[in-house]
Amino acid sequence: VDSADPSGPDSCRTSDLQYPLDYMVLLEEDPRVAVGQKVHLACTKGYILDQHRDPEQDGFDVRCGRDGRWEEPRSWPDIGTGCNEADLCLHVPTTDKLPPESGLELLPYQSADPYGSVLDGDVVFYGCSDRNAVLDDGSGLAVYEAKCKDGNLAPEFWPSCMTLADCPAPPDPDRDASRSGLVLTTDKETVLWTGEFAVYNCTAAQRPVTLTGPQYLLQCEDGEFTPPTVWPLCRELKSCDSTAAPTPPASTYLAPVIPSDPVVELDH
């Protein structure tokens, strides 16, 4: 950073900066800038600075140099090679502009220019401010994706967030299922919300599967668990007849490899 001459000016006047007024805009409002500090300029709306001219995407910067003189560039960005016309969504609805009943908030995003514009085809995300809510569009998601298309980002109708109901502690299996080895492995202190599952596992090595496989899942629905009338029982693995293994077509050049040990469920 340049240091100011004690006997010279300690700031630059923004009114002295000779930039192309017809297509560039000064972003700072202060009439004076201290020596060593920078001001930032942007292209007029609808145009974006070339990435090489604006790597940080915060505008084209010019420093106030020694003796209160601007360190102006040898050449300013020009139309076509510096300030490039682009298809943009100039208006990104902020949280305070959304329907209050939606429960949505604008999430941080990467803008295409210092004005907060978004390039055509890019997306901006809006999330439910209530962390226990999801969108009411049936997606099961808590984040809405708004895509910039033809200069417009806002949908005709915004989705709303609905708060999920949490379930009480998941039930234990009945005595028959417990005797066969099925146990609840989800911590009963864990809060489960609508759409989430309590997990039950078979623990007996001799009976490692149920009718649904090595795990049985019970879903929390509308704030309730509905246990089955009859709990699944853990059972032994069934053997497969290895002599009946299917033979692939000759065109595949594949042949079954029959192991010497019995082939049981879950084996390949």
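Reader: Which residue in E6 is the bridge partner of His-40?

Author: That partner is Asp-61. Keep in mind as we go that this is a predicted model.

Reader: How should I read a bridge like that one?

Author: Start with the general idea: strands of a sheet pair through backbone hydrogen bonds, in either a parallel or an antiparallel way. Now the case here. Strand E4, residues 38-43, pairs with E6 in the antiparallel sense, over four bridges. Besides the pair you asked about, Lys-38 stands opposite Arg-63 in E6.

Reader: What is the order of the strands in the open sheet of three?

Author: The order is E2-E4-E6, and the pairing is antiparallel. E2 and E6 are the edge strands, each pairing on one side only. On average, neighbouring strands of this sheet are turned by 30° against each other, if direction is ignored.

Reader: Which residues of E6 are on its covered face, and which on its uncovered one?

Author: In this strand, residues 60-63, Phe-60 and Val-62 make up the covered face. Asp-61 and Arg-63 are on the uncovered face. So both residues of E6 that we met as partners, Asp-61 and Arg-63, belong to the uncovered face.

Reader: What should I look for around a covered residue such as Val-62?

Author: The general idea is that nonpolar side chains tend to be buried together in soluble globular proteins. Here, the largest nonpolar core has 18 residues. Val-62 is among those with the most contacts inside this core, a group that also includes Leu-17, Met-24, Val-39, Leu-41, Trp-70 and Trp-76. Strands E2 (24-26), E4 and E6 are the elements that give two or more residues to the core. E4 gives the most, with three residues.

Reader: What is Val-62 in contact with, leaving aside its neighbours within four places in sequence?

Author: Its contacts include Leu-17, Val-39, Leu-41, Trp-70 and Trp-76. Gln-37, Lys-38 and Pro-73 are also among them. Apart from the core we just discussed lies another, of 16 residues, with Leu-104, Val-124, Ala-133 and Cys-148 among them.

Reader: Where can I practise reading a sheet again?

Author: Try the open sheet of four strands, in the order E16-E18-E19-E20 with antiparallel pairing. Its edge strands are E16 (182-184) and E20 (224-225). E16 pairs with E18, residues 197-202, over three bridges in the antiparallel sense. One to find is Leu-184, whose bridge partner in E18 is Tyr-200.

Reader: What is Pro-208 in contact with, beyond its neighbours within four places in sequence?

Author: Pro-208 lies in the loop between E18 and strand E19 (215-221), and is partly exposed at 24% relative accessibility. Its contacts are Cys-202, Pro-214, Arg-235, Glu-236 and Leu-237. Glu-236 is 28 residues away from Pro-208 in sequence, yet their C-alpha atoms are 6.3 Å apart in space.

Reader: How do I read a phi value?

Author: As a general idea, most residues other than glycine have a negative phi. Asp-150 is not a glycine, yet has a positive phi of about 55°. Tyr-253 also has a positive phi, near 60°.

Reader: Where are Asp-150 and Tyr-253 placed?

Author: Asp-150 is in the loop between strand E13 (143-147) and strand E14 (161-163). Tyr-253 is in the loop between strand E21 (239-240) and strand E22 (263-264).

Reader: Are they buried or exposed?

Author: Asp-150 is exposed, with a relative accessible area of 70%. Tyr-253 counts as exposed too, at 77% relative accessibility.

Key
Residues numbered from 1 in each chain as written. Predicted model: local features only at pLDDT ≥ 70, side-chain atom pairs only at ≥ 80, totals over all residues. Heavy atoms only, no water. Buried < 20%, exposed > 50% of the residue type's maximum accessible area, 1.4 Å probe, protein only. Pairing = 2+ DSSP bridges. Core = buried A, V, L, I, M, F, W, Y, C linked by side-chain atoms within 4.5 Å. Contact = heavy atoms within 4.5 Å. Axes fitted to C-alpha atoms, helices over the stretch in contact; angles between N-to-C directions.
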